[in-house]
Amino acid sequence: VQLQASGGGLVQAGNSLTLSCAPSARTYSSNVMAWFRQPPHREREFVAAIRWGTGRTYYADSVTGRFTISRSSAENTMTLQMNSLKREDTADYFCAMATSYSTHPSEYRWWGKGTQVTVSS
């Protein structure tokens, strides 16, 4: 399965940006899809995840209340709505898919290429 992420760009602090991820094959209800990010010179970190079947969502503390993850089963796409962006949100953002929920990147088998998000002050 290939994952295609899109929607990154340059945005001023306080503004919003939406990222999308489209798997190349059907996403099963047992799958979990997630967003991770890797800031410059730092390790990849968990941002948010969603269980494809139930729609249950999970968030890192740093983005709770500002980011919203969602999925469309009909369109087979996942979206990350990012509001009230901060400079510390600057990173390469990756979408990933696993067969069970985890916040650890190593548990995700399928990855898309990163899309860069830069938040300026």
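In this predicted model, ring pairs tie Phe36, Phe46, Tyr58, Phe94, Tyr101, Tyr108 and Trp111 together into a cluster. The structure as a whole holds 7 aromatic pairs. Take Phe46 and Tyr101 to begin with: their ring centres are 6.2 Å apart and their planes meet at 75°, so this pair counts as edge-to-face. An angle over 60 degrees is what earns that label. The pair also links distant parts of the chain, since 55 residues separate its two members. Phe46 belongs to strand S5 (residues 45–51), while Tyr101 lies in the loop between strand S9 (91–98) and strand S10 (110–111).

How do the two partners fare for exposure, buried or partly exposed? Phe46 has a relative accessible area of 12%, so it is buried, the cut-off being under 20%. Tyr101, with 28%, is partly exposed.

Next come Tyr108 and Trp111, another aromatic pair of the edge-to-face kind. Here the centres sit 6.3 Å from each other, with 65° between the planes. Tyr108 counts as buried because its relative accessibility is just 4%. Trp111, on the other hand, is partly exposed, at a relative accessible area of 27%.

Then there is a charge to fit into the picture. Which rings does the charged end of Arg44 sit over? One of them is the ring of Phe94, whose centre is 3.7 Å away from that charged end. The charged end of Arg44 also sits over the ring of Trp111, 4.8 Å from the ring's centre. Both Phe94 and Trp111 are members of the aromatic cluster.

Note on methods
Residues are numbered from 1 along each chain as its sequence is written. This is a predicted model: local features need pLDDT of at least 70, side-chain atom pairs count only at pLDDT 80 or more; totals for chains, interfaces and linings use all residues. Side-chain values use heavy atoms; hydrogens and water are left out. Rings of Phe, Tyr and Trp (its six-membered ring) pair if their centres lie within 6.5 Å; planes under 30 degrees apart count as stacked, over 60 as edge-to-face and the rest as tilted. Helices (H or I, at least four residues) and strands (E, at least two) are DSSP runs, numbered from the N terminus. Buried means under 20% relative accessible area, exposed over 50%, partly exposed in between (1.4 Å probe, protein chains only). A charge sits over a ring if NZ of Lys or CZ of Arg is within 6 Å of the ring centre and within 35 degrees of the ring normal.
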